[in-house]
Amino acid sequence: MANDPQAIKRGQNLFALSCGYCHGLDAHGGGRGPDLTSGRWTHGESDAALLQTITKGVPGTDMPSCNCPEEEAWELIAFLRSLSTNTATAVAGDREAGERIFFGAGGCAACHLVNGRGSRFGPDLSRIGAARSVRHLTESLRNPDKEIPDGYQAVVAVTKDGQRIAGVRKNEDTFSLQLMDQREQYHLFLKKDLREVIHQPKSLMPKYDERALGQKELEDLLAYLVSLRGQPKQ
Amino acid sequence: MKKHLAALCILLVSACVESAWAQVSDDRLVKAAQEPQNWLTYSGGYAGWRHSQLKQINANNVEHLAMEWVFQTGATGSFQATPLVIDGIMYVTAQDNRAFALDARTGRQLWRYQRRLPEKVGGSNRGFAVLGNKLLMGTLDAHVLALDMKTGSVLWDVEAAERSKGYFFTSAPMAIKDKIVIGIGGGEYGIRGFIDAYDAETGKRAWRFYTIPGPGEPGHETWAGDSWKTGGAPAWMSGTYDPELNLIYLGIGNPGPDFYGVERGGDNLYSCSVVALDGDTGKLRWYFQFTPHDVHDWDANEMPVLLDLEMQGRRRKVLVQANRNGFYYVLDRTDGQFLLGRPFARVTWAKGLDANGRPIVLPNTDPTPEGNYVCPGIVGATNWWSPSYNPQTGLFYVAIREQCDKYFSVPAPYKEGKVWFGGGVQTVPGDEAWGALRALDPRTGELKWEFKYHTPPWAGTLSTAGNLVFAGDMDGYLMAFDARTGKELWHRQTGTAVWASPMTYAVAGKQYVVIPSGSALFAFALPDSVIAKEISNGR
């Protein structure tokens, strides 16, 4: 099936229907799922491992089971195998330099956690290299407002006496709001006790443009981020 | 001794009365409003109002409403059913074709039924119909069953179509005279939709109305080539019935494949329409198509609600529907004439409706390989969850979604029994989505009040004579609102998203409000002390 153009075409269509929502219609990844053209398969690259990933999902991640017949899973694999590996995703930077930026001048660890080091205020990046494409990581650094993950939208709760509590939104419904502030403190509100809830369209992450992070530093940081593929096995 | 005899007499009398009451005649169904302590059909009555005359729980005391009992079904998935209550006993279906009879005062189980389904077949069911001593149910393997009300045992079981070809039932059937009427599901599986009627006594099929006309029938020409054979147009929701006109009204679902319409050129009748069928023969009396040649999965299965309204200077028998496509419609239900239509939520795909009610479609709104951003989104401005109508306030209540999607299309070959979308949707990151309970003037579609929900809902409404509207939401709340003003008066968290519409009933002088949520039924009532106070105040 691997080289059958019909199977690849069917796989492409199935991919658009079942997988494109997270991995992008072109399989280059996005804010919800990794780039599948990178040539790196975090959960195993054999046919058997891919079949397992597609038909069973990956517990502990956002990857669900496709709930499809095995024949269709093989068509998806045929399509994925047909994608030329995207060499542009290779990162030229210096990983160690990137790590120094992350925990030093870049200030990333003030909000992000890597293998237990850093802050819980922003998303945990311990396996970000496996979960997101270089393209997406670059965009998240250069233009963090474009896509803000669930649980990290900026929100300000204004109490009846005018106090303003800012943080990231962990949950919200019609009657209540749960947020975490930058000191990792939870604030749990009933909306009837609030004067106002302000949803801010911008990310709390600063924009790392050319001035804040030059091209060389960006590449170093990306090299570090791409290397983060989960806690090393004990 | 005398005392014992009296007790025995009471027991015997109540036994006699009880056995007489247990029979639910079609006359009782026509006059369902006369026994508000019961809930005899999916919508509480043939007209689809989902309104109850009960008012023990009302806008003045609803703040005291408290949990009375919970019943766990053990089923996973979305619990979409509306229970029936008949003379103190609740009959409810749940996911994967489970069914239960419960003591409606305590939630204690009387019997249970679970159908053995083929491997990998599962999903929701929306409830029973009742007629005589039978409960009627459609199954996920496309059978229609009659269960004995007293025991839950199967009295008859007929196969309507083949599950392996994509056919299944999720809808609550309708009992009409001596027949059971039910529409098929499978609009995403390349079926040819139909509505069936079965003799309630024997299970013998009395008639079938195909929702896609066959060769030689009017409307067949609205399907290019052989596309009619696999065009979908399911009827996966219960409808309404006008006993005087003897007309059954049912909404019809989307044509298939959902998003790729190239190979099914034409209006694709009777997809995305309401059909009026003769109550005895199932013959088509009229139809009205809301969305010709739909490519956004905007099924018209939302409840077609029957009202008698003053319109254009005279009292008219109308049918109103808040359609998934974002427009609210008023039709003359005697002949299907379009009287009025206007958006009740954000609509970006059509400029409006013409004099005949046909949408004036805007360019660049069909799905494409790259995608087009359109409102409403795939779930629609509303969907199958029930609206309600309160004759005291004269308002029509509907839970709406303000949510949009990017629709794309992919050519997809038909494979028998396989899911067949021909495209899909993507949400746009950062796109704001929310919901609301809206009260409309049913004569004009004009917005009278609104209560905003944080999250777009999948749950419906219940109206009561206590000047209340109950509604569920996606964040897990059951809420109560002042029916005249929309003021939120009470809410309780059920622990997971609500995917159903509330209902109400009374037993032994106590009114209950029930909402399915997750794996459980939650029943709420007023504390006895509040009820006693209501009684002493003469209310």
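Helices H1(A) and H4(A) are roughly perpendicular to each other, because their axes cross at roughly 100° and angles of 65 to 115 degrees count as such. This is a predicted model. Chain B contributes a mixed open sheet and a nonpolar core in which B:Tyr505 is one of the best-connected members.

**Helix pair in chain A**
- H1 spans residues 5-18 and H4 spans residues 70-82 of chain A.
- Their axes come within 7 Å.
- From H1(A), the contact uses A:Ala7, A:Ile8, A:Arg10, A:Gly11, A:Gln12, A:Leu14 and A:Phe15.
- H4(A) answers with A:Glu72, A:Glu75, A:Leu76, A:Ala78, A:Phe79, A:Leu80 and A:Ser82.
- By class, the contact has 8 nonpolar, 3 polar and 3 charged residues.

**Open sheet in chain B**
- The sheet has 5 strands, ordered S1-S32-S33-S34-S35, with mixed pairing.
- S1 (51-52) and S35 (488-493) are the edge strands; each has a single partner strand, so one side of each lacks a neighbour in the sheet.
- S1(B) pairs with S32(B), residues 461-464, in the parallel sense over 2 bridges.
- B:His51 has B:Ser463 in S32(B) as its bridge partner.

**Nonpolar cores**
- The largest core holds 99 residues.
- B:Ile195, B:Phe470 and B:Tyr505 touch the most other members.
- Strand S38 of chain B (residues 520-525) gives the most to this core, with 6 residues.
- Beyond four places in sequence, the contacts of B:Tyr505 include B:Pro36, B:Leu54, B:Trp69, B:Met90, B:Lys510 and B:Val514.
- Another core, of 52 residues, lies apart from the largest one; among its residues are B:Tyr249, B:Phe259, B:Leu309 and B:Phe396.

Methods: Residues numbered from 1 in each chain as written. Chains lettered and ligands numbered in written order. Predicted model: local features only at pLDDT ≥ 70, side-chain atom pairs only at ≥ 80, totals over all residues. Heavy atoms only, no water. Axes fitted to C-alpha atoms, helices over the stretch in contact; angles between N-to-C directions. Helix = DSSP H or I, 4+ residues; strand = E, 2+ residues; numbered from the N terminus. Parallel < 35°, antiparallel > 145°, perpendicular 65-115°, else oblique. Contact = heavy atoms within 4.5 Å. Nonpolar A, V, L, I, M, F, W, Y, C, P; charged D, E, K, R; others polar. Pairing = 2+ DSSP bridges. Core = buried A, V, L, I, M, F, W, Y, C linked by side-chain atoms within 4.5 Å. Buried < 20%, exposed > 50% of the residue type's maximum accessible area, 1.4 Å probe, protein only.
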